[in-house]
Amino acid sequence: MMNSEQQIQLQRYALLGWPVKHSVSPEMQCAAFQACGIRASYELISVEPVHLEETVSRLREQSYCGWNVTVPHKEKVLNFLDRVDEDAVASGSVNTILNKNGRLHGFSTDGYGMAAALSESFGVRVRNGKFAFIGAGGAARAVSVYFARHGAAEIMFVNRTLEKAEKIASRIETEARNCRVQCFSRDNKDSIRACFLEADAIIQATSLGLHQDDVLPVAPELLPGGVPVMDMIYRPTPLLGAAQSKGCPTADGRSMLLHQGARSFELWTKRQAPVEIMRKALEQALKDRN
Ligand code: NDP
């Protein structure tokens, strides 16, 4: 005879991406499930873009309770969902899916994660804040649109490809008419310096800095001393080093990663995330990867 613990069905969760093997989400989420007494698994599923739709259908049919979605699927996956949260629609990006009796509900927790990280690291709040984004890829779009919708006063982009920044800017203009938005190419140094100086935080959102020999995404002399700099990359980067030597408070992307994952956990389980336990598991997993 099965005891009551064995009778509790295993809840299945996952991360879909391509590649995904580097991810520390399994350690972070499993630590949270365990701490809350939830019998659950969290798998890494590597999915080529051409197989995304059939994989989403399979997870739905196999009654996975929910899953995260990462690069390169965060935009395309919107096409396969039954319902999408307003912030996710606005940013055109989904990183969390909840399977509610076969109906798939999509959310984006990246903006929430960055907002929590800025508050935790620097005491900076989104409402009425001014934010300078270096980069205008998917992550910058998800976070900046969330910030604009949640009361940011001003958003500025510096990006190698100006048109990509301008595309996000027009999305923000539609979504949040009260938010001022500006875009600069990297050679517009005087304007960038002036915007950085006014910002409550500078957010590095390019993929530069993943490798120690990467060039800096902006000239270090443009960084004003004293303005907080947050890098989305999960470890210390050359830009953060340059910012520290100018006297800027700095933080890397671990805190954003933690809080976006904590929010996913809460959407799936309707329980408060054990954030400090998740943080410990995340730190250990990143240490083990190095
Ligand atoms: P995308 O590929 O969508 O965007 C990449 C960005 O980097 C673009 O702005 C691109 O500029 C810029 N870029 C790339 N190479 C260069 C280069 N050689 N010179 C100048 N600019 C360059 O990536 P994402 O937006 O999805 O991710 C960006 C970073 O954020 C990644 O490092 C990712 O790991 C991190 N991230 C962290 C999260 C966290 O929880 N901490 C969550 C999500 C992402 P251009 O437009 O000109 O091509």
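Mentor: The axes of helix α5 (residues 110–122) and α10 cross at roughly 130° and come within 7 Å of each other. The model is a predicted one.

Trainee: Why are α5 and α10 called oblique to each other?

Mentor: Angles over 145 degrees count as roughly antiparallel and 65 to 115 as roughly perpendicular. The crossing at roughly 130° falls in neither class, so α5 and α10 are oblique to each other. Their crossing is right-handed.

Trainee: What makes α6 roughly parallel to α7?

Mentor: The axes of α6 and helix α7 (residues 162–175) cross at roughly 25° and come within 9 Å. Angles under 35 degrees count as roughly parallel, so α6 is roughly parallel to α7. In handedness, α6 passes α7 in a right-handed crossing.

Trainee: And what is α2 to α10, oblique or roughly parallel?

Mentor: Helix α2 (residues 25–35) packs against α10 with the axes 10 Å apart and an angle of about 45°. Roughly parallel needs an angle under 35 degrees, and roughly perpendicular begins at 65. An angle of about 45° fits neither, which makes α2 oblique to α10. The crossing in which α2 passes α10 is right-handed.

Trainee: Which elements give two or more residues to the shell around the ligand?

Mentor: First the contacts. A polar contact needs a pair of N or O atoms within 3.5 Å. How that cut-off applies can be seen at Thr161, where a polar side-chain atom lies 2.5 Å from an oxygen atom of the ligand. The elements you asked about are α6 (138–149) and α10 (254–269).

Trainee: What makes Arg160 and Ala139 polar contacts of the ligand?

Mentor: For Arg160, a polar side-chain atom is 2.9 Å from a ligand oxygen atom. For Ala139, a backbone N or O atom is 2.8 Å from an oxygen atom of the ligand. Both distances are within 3.5 Å, so both pairs count. As for cover, the ligand on its own has 930 Å² of accessible area, of which the protein covers 77%.

Trainee: Which of the 21 residues around the ligand come nearest?

Mentor: They are Gly138, Ala139, Asn159, Thr161 and Met232. The shell as a whole divides into ten nonpolar, eight polar and three charged residues. Gly138 counts as polar, because glycine is placed in that class.

Trainee: How do you know which peptide bond is cis at Trp18?

Mentor: The bond that joins Trp18 and Pro19 is the cis one, and its omega is about 10°. Pro19 sits in the loop between β1 (11–17) and α2. A second cis bond runs from Val71 to Pro72, with omega near 5°. Pro72 is placed in the loop between β3 (66–69) and β4 (83–84).

Trainee: Why are such bonds worth a remark?

Mentor: Because most peptide bonds are trans, and most residues other than glycine have a negative phi.

Trainee: What is the phi of Asn101?

Mentor: Asn101 is not a glycine, and its phi is positive, about 50°. Asn101 belongs to the loop between β5 (96–100) and β6 (103–107).

Terms used. Residues are numbered from 1 along each chain as its sequence is written. This is a predicted model: local features need pLDDT of at least 70, side-chain atom pairs count only at pLDDT 80 or more; totals for chains, interfaces and linings use all residues. Side-chain values use heavy atoms; hydrogens and water are left out. A residue is near a molecule or strand if one of its heavy atoms lies within 4 Å of it. A polar contact is a pair of N or O atoms within 3.5 Å; within protein, one must be able to donate a hydrogen and the other to accept it, and residues adjacent in sequence count only if both atoms are side-chain atoms. Accessible areas come from the Shrake-Rupley method with a 1.4 Å probe; for residues, only the protein chains shown count as cover. Helices (H or I, at least four residues) and strands (E, at least two) are DSSP runs, numbered from the N terminus. Axes are lines fitted to C-alpha atoms, for helices over the stretch in contact, and angles run from 0 to 180 degrees between N-to-C directions. A crossing is left-handed if the near helix is turned anticlockwise from the far one by less than a right angle, and right-handed if clockwise.
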